[in-house]
Amino acid sequence: FYNDDRSAFSNTAIEYFKSVKPTSLNNAFVGVHLDDSSGLYFLDTSECTDFREAFVLFESPILNLSTFDVSKGESFYQCFNLTGYHDASVIDISNWKFKENALLQQLFYRAHVSHIEMNNVDVSKIKSFTEVFYSLGDDRVTIEMLDLKSWHNNIVTTMNSFTSHASIKIINMPNIDTSNVTSFSYAFSSNSDLQEIRGVIDMKSAKTYESMVENSVSNLTAKIKIKNPPSASDWWQKAGFTSEDQFEIVT
């Protein structure tokens, strides 16, 4: 698949990419190490339904997949598991448009990345954000900002462990309407680097929210905005806040 020095995909591999339309990329590029992964531009993924574990342990300074057509993808389970494990990578999934109810669980599980580019990503038909960024990063690298400004969604109902155990300073999610979310369990928990969540967490429909921000509020530089908090007087303790100064109620 690659040249002798593993600098890039070989011409033979690129010609092969041009000749096929895979329906599955399950485990397709596990353990591939390349200085230049741009040969993937030539791969037509428009018929692919299975992206599970496609780039496990993939190593490349920049993994630009913005040309991938993922519109028929049904499962992206652990697609980027341990990607960039030895040397942190940048992953670009700009322009990805997910079909209705595509499985995004653990999409970036344990991915060792310094940045994820997500311009023009369409998640508007996704109802479950469970564990999408679970355990993203590790103690060797911290993401300055998880920028989800292109994530326009008003139908999501589940955010269990959304960024739990991740290494992120700022979560920017201004366009995710959480008013239909029934479960926030561990949604932002155990993110000790967290400084700010940009956006409003609307708990209008929340039924479970235990440990929502547990172990993630000791280094906040801005209060977390909460809308329609639960009626229970101790809701904020159950959610994992240790002080009422760590959040503000907005209307």
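How many of the 5 residues of strand β5 are buried? In this predicted model, strand β5, which spans residues 168-172, is mostly covered, with 4 of its 5 residues buried. The arrangement of the strands that flank β5 is described below, followed by a residue in the loop that leaves this strand and by a further sheet.

Strand β5 belongs to an open sheet of 3 strands, ordered β4-β5-β6, in which the pairing is parallel. The edge strands of this sheet are β4 and β6, each of which pairs on one side only. Neighbouring strands are turned against each other by 15° on average, when direction is ignored. On one side, β5 pairs in the parallel sense with strand β4 (residues 143-147), and 4 bridges are found between the two; within this pairing, L146 has I171 of β5 as its bridge partner. Strand β6 (residues 196-198) also runs parallel to β5, to which it is joined by 3 bridges, and here I171 has I197 of β6 as its bridge partner. Residue I171 is thus bridged to L146 as well as to I197.

The loop between β5 and β6 contains Y186, a residue that counts as partly exposed because its relative accessibility is 36%, a value that lies between the limits of 20% for buried and 50% for exposed residues. When neighbours within four places in sequence are left aside, the contacts of Y186 comprise S161, F162 and S164, together with E210, S211, M212 and E214. One of these contact residues, M212, is 26 residues away from Y186 along the chain, yet the C-alpha atoms of Y186 and M212 are separated by 4.2 Å.

A further open sheet is formed by 3 strands in the order β7-β8-β9, again with parallel pairing. Strands β7 and β9 lie at the edges, each pairing on one side only, and the twist from one strand to the next averages 35°. Strand β7 (residues 200-202) and β8 are paired in the parallel sense through 3 bridges, and V200 is placed opposite K225 of β8. Between β8 and strand β9 (residues 247-250), which run parallel, there are 4 bridges. In this pairing, I226 stands opposite I249 of β9, whereas K227 has V250 of β9 as its bridge partner.

The two faces of strand β8 (residues 224-227) can also be told apart, since side chains in a regular strand alternate between the two faces of the sheet. The covered face of β8 carries I224 and I226, while the uncovered face carries K225 and K227. Read together with the bridge assignments, I226 of the covered face is the residue that stands opposite I249 in β9. On the uncovered face, K225 is opposite V200, and K227 is the bridge partner of V250 in β9.

Technical notes
Residues numbered from 1 in each chain as written. Predicted model: local features only at pLDDT ≥ 70, side-chain atom pairs only at ≥ 80, totals over all residues. Heavy atoms only, no water. Buried < 20%, exposed > 50% of the residue type's maximum accessible area, 1.4 Å probe, protein only. Pairing = 2+ DSSP bridges. Axes fitted to C-alpha atoms, helices over the stretch in contact; angles between N-to-C directions. Contact = heavy atoms within 4.5 Å.
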